Every structure is written in C-alpha cells, then in structure tokens.
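Here is a quick tour of one protein, with a stop at a couple of helix pairs and one residue. Have the sequence and the structure open as you read.

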Amino acid sequence: PCYFIAKLYHFMSEKDHIADALLEWFDQHGRKDLPWQTNRTPYRVWVSEIMLQQTQVSTVIPFYERFMAQLPTVENLAEAAEDSVLHLWTGLGYYARARNLHRCAKQICTSHNGVFPSDLAGLEALPGIGRSTAGAILSLAMDTRAPILDGNVKRVLARYHAIAGWPGQRAVSDMLWSFAEHHTPQQRLADYTQAIMDLGATCCTRSRPVCERCPLERGCAASAQGRQRDFPGRKPRKQIPLRQRWLAVVTRAPGEVLLQKRPDSGIWGGLWAPPEFEEASAAKTWIATTLSLPTERCRIDDPFHHTFTHFKLEAHPVRAQCTENHPEAISVESHADHLQWFALHPPPSVGLPAPIVRLLAKLGEENPPRSN
C-alpha cells in the first residue's frame, strides 16, 4: 500500500498528458460507428454496457441490434415478459445480467418515472449497475465527468503505470480507480471514455498489444520495461471442478419436448431446460413417476460439456419418448414444478441456455416437422 501511494503521488504531481494523447488518437482511429454510438441515450448506452461485460464487441452487435429492434425504450423493456427478455439474451451467457436488466428497467419506470438518475449514487443504487457502468452512462450519455474502469481500461492503466497484481484485489483496484479519476478530463467526456475503451480493445490488447501504434507508448512503464504481458496481473488459478448432471430429456409425437423453468437464482436462472438431477437413477425415477413411463424405456445418450466460470458441466441426456396417445403425456401443467411442453419446430421463443439450444436442434433433426 505505501508503494502504491508513493507511485500515485508521483504521477499525479506531474502534468497529465494522457487525455490529450487519447483524444487526438481517437479523432483519427477511434470507433465512431458502433450501433450504441448513434442516438446515444442513457437507455441505449446502459444496455450496451451490460451486454459488453465479459463479452466482445463483435459478439454483442447482433444481439444489441435485435434487442433494440424489439425493446427500443426502457418502458418497452419494463413491460416485456421475462421469457421474452431471456430469449433475446440467449447465446450471450451470464444470464443474471439479463434478469438484472429487466428488474432495473422496472425500477426506473416505477421509481424514477422512466428517467435514469443523473448522479453516480442514484445509478449505483439500481440492480446490476456498478460504479464503472454508472460512469459510462454518465459520461457517454449525459456528458457528465465520471471515470470508468472496465476490463479494457484496467489493462491500459495497469500497463501504463506498471501496476502489479490482479485487479480483483482491493489495493490494486483502488489504485486503478485513482488513476482513472485523475486522467478523466473536464471536456469531451464521451469521446475520452470511448477513446480509452477503444485503445484497450483495438491496440492495447490482452495477448498481442500493438505498442508501435499506441499514443501512450512513450510514457508506458510496461513498454519501457518490455513487460507488457505481465500487466495486469492474472487472477490466481484454481482447479475448476467437474460436475456431472443427468437431464430428463422427454419428447413426444409429433415433435415436442418437455422443459422446466429453472428458479431465478443460480446457474441458468429463469431459463427453460430439461429437469436436472444428480444421478441417472433419479432422472429415470422422475420420468417414471411424472409420465408413467417404465424406466427400461429410458436410454442415456453421450454427454455434452459446457464450461462455466467456476466449474465444468458434464450433462448426460436421459432420453424417453412418449407416444402420441400416451394419456399421461397429454398435459403436465397440473404439476407444480413449472413444466411445459414446447414444439421443436420452430424452436421455443423463450430463454434457453446455449447448450440446450444445441440439444433442441439435435432433437429437432430426430423429430422433423410433419408435412401438410
């Protein structure tokens, strides 16, 4: 901590040239045609910032455009059904972002008359909006001076000032926030905010920084030391555990699948997926009990794998097929566990985890639509 304080005092006692250099670079090389840069409103900026968390721009653009086409205002989002919001989010991952987005829109409409708060504290009090997202909304959409510290900005500042350590550590984070605050200028706030994000995304990249094109290269401590890849420090590695689960994948003629809406909290919260169990026998018993199908009619397909932030999932589909006239297969809505039959053609327009989208596509191939 003492070293950080001394370093911070040294740099802040000098004239700051970062903003001028970044703005000059931005005028020539910055991105100015991203979809959220047109008709820049707090709502449009907010949605883009939430989507861009841990997700690349190229991935976000089609999701953002589709989202805005269907939900162009915060009121539209607040009034939308949760399944519709999650369906628009399917494929982006980290679905808690979508649920918080929906909750936040409702709160803005009910508590703020559909108007975003214009101060940092008011924005941070809303669901899913942290300090950096609040700063982006203020600077990009309201031309208010507020620093940001997303992943790109952390990388630029950590390299420029050679700040050792993982940004998830409190002392490192505090140091980076101090520099972010110091370097944020008084004018051209939206351009500066976009510039420092663009620099991290297009020039000061994680694995292959293009230092010869960087406007900050002359003053960059990491470049001077030839240690660009050492900053920022990486998160300490932990062994990612493997979780095995068995999914009750039940289909019925003429081409439907039984899905269950998951609880709002936890992995895949609020999304639809086949019922999940910790043992194959439990999945078979559930199928037998719920649909009166003998367990010997179940088969277990090859597993599929999916990697989450904290664990790897190995999912084993436990397959069962109902006949069209099977009486217990006609309706499961009497069960109090959020079960529903969905047609495979076209695919369900609800929130689905990406691995389940692929699973349903495979089921759809096995159960082609009937020709008229």
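What follows goes from the overall picture to the helix packing and then to a single threonine.

## The whole protein

First, a caveat: this is a predicted model. The protein has 372 residues, and 49% of them are buried. Its secondary structure comes to 15 helices and 8 strands. Line the protein up along its principal axes and the C-alpha atoms fill a box of roughly 80 × 45 × 35 Å.

As for the surface, about 18,900 Å² is exposed, with carbon and sulfur atoms supplying 50% of that area. Contacts reach across the sequence too: take the pairs at least 6 residues apart, and 68% of them join residues at least 24 apart.

## H3 against H4

Helix H3 covers residues 42-52 and helix H4 covers residues 57-70; their axes sit 10 Å apart, at an angle of about 140 degrees. An angle over 145 would count as roughly antiparallel, so this pair is described as oblique. The crossing of H3 past H4 is right-handed.

Which residues in H3 and H4 meet? On the H3 side they are Tyr43, Arg44, Val47, Ser48, Met51 and Leu52, and on the H4 side Val57, Val60, Phe63, Tyr64, Phe67 and Met68. Sorted by class, that contact has 10 nonpolar residues, 1 polar and 1 charged.

## H6 against H7

Next up is helix H6 (residues 82-89), which packs on helix H7 (residues 96-111) at about 135 degrees, with the axes 10 Å apart. H6 and H7 are therefore oblique to each other as well. Here, too, the crossing is right-handed, with H6 passing H7.

H6 brings Glu82, Val85, Leu86 and Trp89 to the contact, while H7 brings Arg97, Ala98, Arg99, Leu101 and His102. The class tally for this contact is 5 nonpolar, 1 polar and 3 charged residues.

## A closer look at Thr133

Thr133 belongs to helix H9, which spans residues 131-142. Is Thr133 buried or exposed? Its relative accessible area is 7%, and the cut-off for buried is under 20%, so Thr133 counts as buried.

What does Thr133 touch, leaving out residues up to four places away in sequence? The list is Trp46, Glu49, Ile50 and Gln53. For orientation, H3 runs over residues 42-52, so have a look at that helix when you zoom in on Thr133.

Conventions: Residues numbered from 1 in each chain as written. Predicted model: local features only at pLDDT ≥ 70, side-chain atom pairs only at ≥ 80, totals over all residues. Heavy atoms only, no water. Axes fitted to C-alpha atoms, helices over the stretch in contact; angles between N-to-C directions. Helix = DSSP H or I, 4+ residues; strand = E, 2+ residues; numbered from the N terminus. Parallel < 35°, antiparallel > 145°, perpendicular 65-115°, else oblique. Left-handed = near helix turned anticlockwise from the far one by under 90°. Contact = heavy atoms within 4.5 Å. Nonpolar A, V, L, I, M, F, W, Y, C, P; charged D, E, K, R; others polar. Buried < 20%, exposed > 50% of the residue type's maximum accessible area, 1.4 Å probe, protein only. Areas by Shrake-Rupley, 256 points an atom, 1.4 Å probe, with all protein chains shown as cover.
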